[in-house]
Amino acid sequence: MTSETLFSKIIRREIPATIVYEDEEVLGFKDIAPQAPVHVLFIPKNEVIPTLDDVTPGQAHLIGKLALAAAQYAREQGLAEDGYRIVMNCREHAGQTVFHIHLHLLAGAPLGHFGAPGQ
Ligand code: AMP
């Protein structure tokens, strides 16, 4: 499945977004409903992959590219020393809402722990 999502429209600049990072393969833009003082989404620009579960071995490098883009952005913004969280939601139980893989970068304040059902 390679259907379009609203993130495809952000890549093509058809809907507005605050773009804060771009290289040949990755786009980073501010989340419209931030869950932390800094909340940026990093997405692959050239392939629509619905979920992490759909990533093939040949596409595995993209996951590293997303993580390194987030790390670079965090360093450049002075967030790396205090630390940050990266998250990728996969399907219903994780609350995934946009089916175009994306890495969340959350930073700018202590984030607490999470992960248990209902938290
Ligand atoms: P997920 O729940 O992991 O699928 O994350 C999707 C994220 O996309 C959510 O955090 C939304 O707030 C965010 N989002 C939805 N629409 C937009 C948009 N137009 N621009 C920026 N972020 C968006």
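Reader: Which residues come nearest to the ligand?

Author: This is a predicted model. Of the 16 residues around the ligand, the nearest are D31, N89, T97, H102 and H104.

Reader: How do I read a polar contact here, and which atom of H102 takes part?

Author: Look for a pair of N or O atoms within 3.5 Å. In H102, an N or O atom of the side chain lies 2.9 Å from an oxygen atom of the ligand. The backbone takes part too. A backbone N or O atom of I32 is 3.1 Å from a nitrogen atom of the ligand. For G95, a backbone N or O atom is 3.1 Å from an oxygen atom of the ligand.

Reader: How much of the ligand does the protein bury?

Author: The ligand taken alone exposes 500 Å². The protein buries 83% of that.

Reader: What kinds of residues form the shell around the ligand?

Author: Eight are nonpolar, six are polar and two are charged. Helix α1 (6-11) and strand β2 (26-30) each supply at least two shell residues. The largest share, three residues, comes from α1.

Reader: How is empty space found?

Author: Rolling a probe the size of a water molecule over the atoms shows where space is left empty. In this model, the ligand takes the space of the largest pocket. That pocket holds about 400 Å³ of space.

Reader: Which residues line the largest pocket?

Author: There are 22 of them, and F7, D31, I32, A33 and L41 lie nearest the pocket's centre. The lining divides into 11 nonpolar, nine polar and two charged residues. α1, β2 and β3 (38-44) each give at least two residues to the lining. α1 gives the most, with three.

Technical notes:
Residues are numbered from 1 along each chain as its sequence is written. This is a predicted model: local features need pLDDT of at least 70, side-chain atom pairs count only at pLDDT 80 or more; totals for chains, interfaces and linings use all residues. Side-chain values use heavy atoms; hydrogens and water are left out. A residue is near a molecule or strand if one of its heavy atoms lies within 4 Å of it. A polar contact is a pair of N or O atoms within 3.5 Å; within protein, one must be able to donate a hydrogen and the other to accept it, and residues adjacent in sequence count only if both atoms are side-chain atoms. Accessible areas come from the Shrake-Rupley method with a 1.4 Å probe; for residues, only the protein chains shown count as cover. On a 1 Å grid over the protein atoms alone, a cavity is a set of points where a 1.4 Å probe fits but cannot get out, and a pocket is an open set with protein on both sides within 12 Å along at least five of seven lines; lining residues have an atom within 4 Å of a point. A molecule sits in a cavity or pocket if more than half of its atoms lie within 2 Å of its grid points. Helices (H or I, at least four residues) and strands (E, at least two) are DSSP runs, numbered from the N terminus. Ala, Val, Leu, Ile, Met, Phe, Trp, Tyr, Cys and Pro count as nonpolar, Asp, Glu, Lys and Arg as charged, and the others, Gly among them, as polar. Grid points are joined across faces, edges and corners, and a volume is the space filled by probe spheres set on the points.
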